Amino acid sequence: MSDPGALARTIAASGVRDVRLMEALRETPRAGFVPPDLAQWAYADRPLPIPHGQVTTQPSLSAKMIEALGLEDEFSVLEVGTGYGFQTALLARLSRLVYSVERFPDFAATARENLSRNDIENVEVVSGDGTRGLPEHAPYDAILVSAAFTSVPPPLAEQLEVGGRLVQPIGSGGEEVVVLFEKGPEGLERRHAVTGAHFVRLYGAHAF
């Protein structure tokens, strides 16, 4: 497998149906968002190792999480966990603005370079504690959390717009259920499980 179109077909076969998302996958070369020495594996539907004991999210898993958010062109999105920026690029192609918080400064710098090189400009990548969110840009229409914790960090719930959706792996790290939440007048409400998954732990003031 050697091109975005082939990866998109694999992801479609996994059950993803969102037409706009499939187009974003075809337009986004994952090889530009992985370590150069792993580029030969970029279009396989698998996670890839990156520094600090982290891995990139499996593309079909990213796609299922993004699809669950029901993104629209005018949305403002918060992403927790930028990695090398592939998922961030997909979010950016489907929304108006993406704010992405990355714990590791070197990852944040690499993601900025990758996004810029691929002419994706409607993203702001911030190095910091994603469990605190980014209150200065809230509220968000959608929030995607790319690491696991046993519950949704309260600041993220607070920064989500009423009617907005949040997707997060719920668990202690290693074997989780990705859950879709929606914010109602009384706070977050669990909607349904999106998929099973294996994620690294979410670290920060409001997590591990």
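Which residue in S7 does Ala142 stand opposite? Keep that in mind as we walk through this predicted model; the answer sits inside the sheet, so let's begin there.

The sheet is open and has 7 strands, running in the order S5-S4-S3-S6-S7-S8-S9 with mixed pairing. Its edges are formed by strand S5 (123-127) and by S9, each of which pairs on one side only. If you ignore direction, neighbouring strands of this sheet are turned by 15° against each other on average. As a reminder, strands of a sheet pair through backbone hydrogen bonds, and they do so either parallel or antiparallel.

Now zoom in on one pair. Strand S6 (residues 140-145) and strand S7 (residues 160-170) pair in the parallel sense, over 4 bridges. Here is the answer to the opening question: Ala142 stands opposite Arg165 in S7.

Helices pack on this sheet too. H3 touches S6, S7, strand S8 (176-184) and S9, and its direction makes about 160° with that of S7. Helix H5 (residues 105-117) also packs on the sheet, where it touches S4 and S5. The direction of H5 makes about 165° with that of S5.

Next, turn to a contact between two helices. Helix H1 (residues 4-13) packs with helix H2 (residues 19-27) at an angle of about 150°, and their axes are 7 Å apart. Because angles over 145 degrees count as roughly antiparallel, H1 is roughly antiparallel to H2. On the H1 side, the residues in contact are Pro4, Gly5, Ala8, Ile11 and Ala12, and they meet Met22, Leu25 and Arg26 in H2. Sorted by class, this contact has 6 nonpolar, 1 polar and 1 charged residues.

Finally, have a look at the largest pocket, which has a volume of about 630 Å³. It is lined by 40 residues, and the closest to its centre are Val55, Thr56, Thr57, Ser146 and Phe199. Which elements supply at least two residues each to this lining? They are strand S2 (54-55), helix H3 (59-69), helix H4 (86-94), strand S4 (97-102) and strand S9 (187-197). The largest share, 4 residues, comes from H3, the helix you have already met packing on the sheet. S9, an edge strand of the sheet, is likewise among the contributors to the pocket lining. By class, the lining divides into 17 nonpolar, 18 polar and 5 charged residues.

Definitions and conventions
Residues numbered from 1 in each chain as written. Predicted model: local features only at pLDDT ≥ 70, side-chain atom pairs only at ≥ 80, totals over all residues. Heavy atoms only, no water. 1 Å grid on protein atoms, 1.4 Å probe; cavity = no way out; pocket = protein on both sides within 12 Å on 5 of 7 lines; lining within 4 Å. Points joined across faces, edges and corners; volume = space filled by probe spheres on them. Nonpolar A, V, L, I, M, F, W, Y, C, P; charged D, E, K, R; others polar. Axes fitted to C-alpha atoms, helices over the stretch in contact; angles between N-to-C directions. Parallel < 35°, antiparallel > 145°, perpendicular 65-115°, else oblique. Contact = heavy atoms within 4.5 Å. Pairing = 2+ DSSP bridges.
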